[in-house]
Amino acid sequence: MALKEQIIENHSEFLESLRHRFLDEERKTALQKFANFGFPTKKDEEYKYTNLKEITEKSYNFFPKEHHNITKEQFDELHLGEENFDWIVFVNGKLHKELSKVSIENVEFLSFNYALNDEKHKEVFEKYFNTIASKEQAFTNLNLAYCKYGFFLKVPKNVVIEKPIHVFYISQNQEENTFYNTRNLLIVEEGAKVEVIESHHNFDTTYVLTNSVTEIFTYPNAKADWHKLQNDNNTTYLIDNTFAKQEKDSLTTVNTFSFGGKLVRNNLDFIHNGSNINSFMNGITIIGKDQLVDHHTAVHHNFPNCESYQNYKGIFDGNAHGVFNGKVFVDKIAQKTNAYQQNNNVLLSEGASIDTKPQLEIFADDVKCSHGCTVGQLNEDALFYLRARGISKKEAQALLLYAFANDAMQNIDIEPLKEKISKLLAEKLEVDIEF
């Protein structure tokens, strides 16, 4: 049975499995929207370079088995050397407190499923939940129809969370292909600060499809950083939709590091709702074989004196395919906007390809906006310079590629995460680099 038919057929059973029912009507409406249009195809402009047939023609289990037997050694391998971090661990959709370490105080933290059941949080959910996520996209509607797993975090006014929080989504012991719809809601109130790391891990040889939606609300003088570490195996598909709404004088960063996964689609949407806002988006993609990573970004400059910065680097080998489509919208009242967008790519083989399309739509006249993209191979002069100093061709190529990608992680202020990304870069490029 095709996935679309499975989704429609299983929905009633899914609703019956829930204890919380106050979203029932919204879920049914979202499912109907999805049913009307189905999955995007290459005829849709936003998916013209990304073929989803590989995902949508498979069958999936919508009710993952909860039992797992993850060992401490397996779990330790996923860590970043982060003894001083907090971490939240979901296995097969369920929050596991015995694997988690949560020392944060003076915040409201709940699993998404529990938050939906908690009456005292109903008002908060009605105020924030699904207010900035797209109501028109197939995958966001599908997520609303089926979301159950994930977390809710509200950081109160002037609370600074010193320790980064690493959120692990793990799938194990699934005998069938499994479908997860994760949902995250982060609210950072005035003057507060938080950093989140998100990673997904499939321990099985069966396929996992994760359809994730994250909504981030950053209030005046607050700072929210969200780092996505995408390094899963070749039997995983990830569709990620992240929406960030910022109020005046706030700073929000989303960094996306894509190294693993068969097909990864990242949709990132920033909405400015005040002046003097700063938004940062950085990405590093290194893939090979027949992997595909697709980055779609959008920044909506709706107020004056705001800045946005996008810097995406891609390295593609084998028959890998990359996509970058970045959009910056500048409203007519958004004077003094400063928007930067750059996408640079290196192709290492004849079979690798990249489709890149940076875009600006500017309706104000006093702005400083720039965009650009490059696609090419390694600099032969630089390669010759290194080889003339006794460095092998393979090591010289790797060192140049490492330097090429490195500037996209300069704004990471979590040292263990920066070191992890550096090590992954080195492993992917098969070079020994001292840290």
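**Two sheets and the residues around them**

Biologist: What makes strand S4 (residues 151-155) and strand S6 (residues 178-188) a pair?

Modeller: Four bridges join S4 to S6, and the two run parallel. Pairing takes at least two bridges, so S4 and S6 pair. Bear in mind that this is a predicted model.

Biologist: Which residue of S6 stands opposite Phe152?

Modeller: Leu185 does.

Biologist: What is the order of the nine strands in that open sheet?

Modeller: The order is S3-S4-S6-S8-S10-S12-S14-S16-S18, with mixed pairing.

Biologist: Why are strand S3 (108-111) and strand S18 (353-362) called edge strands?

Modeller: Each pairs on one side only. On average, neighbouring strands of this sheet are turned by 5° against each other, direction ignored.

Biologist: Which strands does helix H7 touch when it packs on the sheet?

Modeller: H7 touches S6, strand S8 (208-218) and S10. Its direction makes about 90° with that of S6. Roughly perpendicular covers 65 to 115 degrees, so H7 is roughly perpendicular to S6.

Biologist: Why is helix H1 (residues 3-16) called roughly parallel to helix H7 (residues 138-146)?

Modeller: H1 and H7 pack at an angle of about 25°, with their axes 10 Å apart. Angles under 35 degrees count as roughly parallel, so H1 is roughly parallel to H7.

Biologist: Which residues make the contact?

Modeller: From H1 come Gln6, Ile7, Asn10, His11 and Phe14, and from H7 come Leu142, Ala145 and Tyr146. By class, the contact of H1 with H7 has five nonpolar, three polar and no charged residues.

Biologist: Now the open sheet of ten strands. What is its order?

Modeller: The order is S2-S1-S5-S7-S9-S11-S13-S15-S17-S19, with mixed pairing. Strand S2 (94-95) and strand S19 (368-376) have a single partner strand each, so one side of each has no neighbour in the sheet.

Biologist: How do you know that strand S13 (residues 278-287) pairs with strand S15 (residues 307-316)?

Modeller: Ten bridges join S13 to S15. At least two are needed, so the strands pair. They run parallel. Ile286 has Ile315 in S15 as its bridge partner.

Biologist: Which helix lies across S13, S15 and strand S17 (338-347)?

Modeller: Helix H9 (residues 393-406) does, running at about 160° to S15. Angles over 145 degrees count as roughly antiparallel, so H9 is roughly antiparallel to S15.

Biologist: Is Thr285 buried or exposed, and how do you know?

Modeller: Thr285 lies in S13. Its relative accessible area is 3%. Buried means under 20%, so Thr285 is buried.

Biologist: What makes the link between the side chains of Thr285 and His295 a polar contact?

Modeller: The distance is 2.9 Å. The limit is 3.5 Å, so the pair falls within it. Beyond four places in sequence, Thr285 is in contact with residues including Ser258, Val293 and Lys313.

Biologist: Why is Asn231 called partly exposed?

Modeller: Asn231 has a relative accessible area of 33%. Partly exposed lies between 20% and 50%, so Asn231 fits. It sits in the loop between strand S9 (223-230) and strand S10 (236-246).

Biologist: What is special about phi in Asn130?

Modeller: Phi of Asn130 is near 60°, a positive value in a residue other than glycine. Asn130 lies in the loop between helix H6 (122-128) and H7. At 12% relative accessibility, under the 20% limit, Asn130 counts as buried.

How values were computed:
Residues numbered from 1 in each chain as written. Predicted model: local features only at pLDDT ≥ 70, side-chain atom pairs only at ≥ 80, totals over all residues. Heavy atoms only, no water. Contact = heavy atoms within 4.5 Å. Axes fitted to C-alpha atoms, helices over the stretch in contact; angles between N-to-C directions. Nonpolar A, V, L, I, M, F, W, Y, C, P; charged D, E, K, R; others polar. Buried < 20%, exposed > 50% of the residue type's maximum accessible area, 1.4 Å probe, protein only. Polar contact = N/O pair within 3.5 Å; in protein donor to acceptor, adjacent residues only side chain to side chain.
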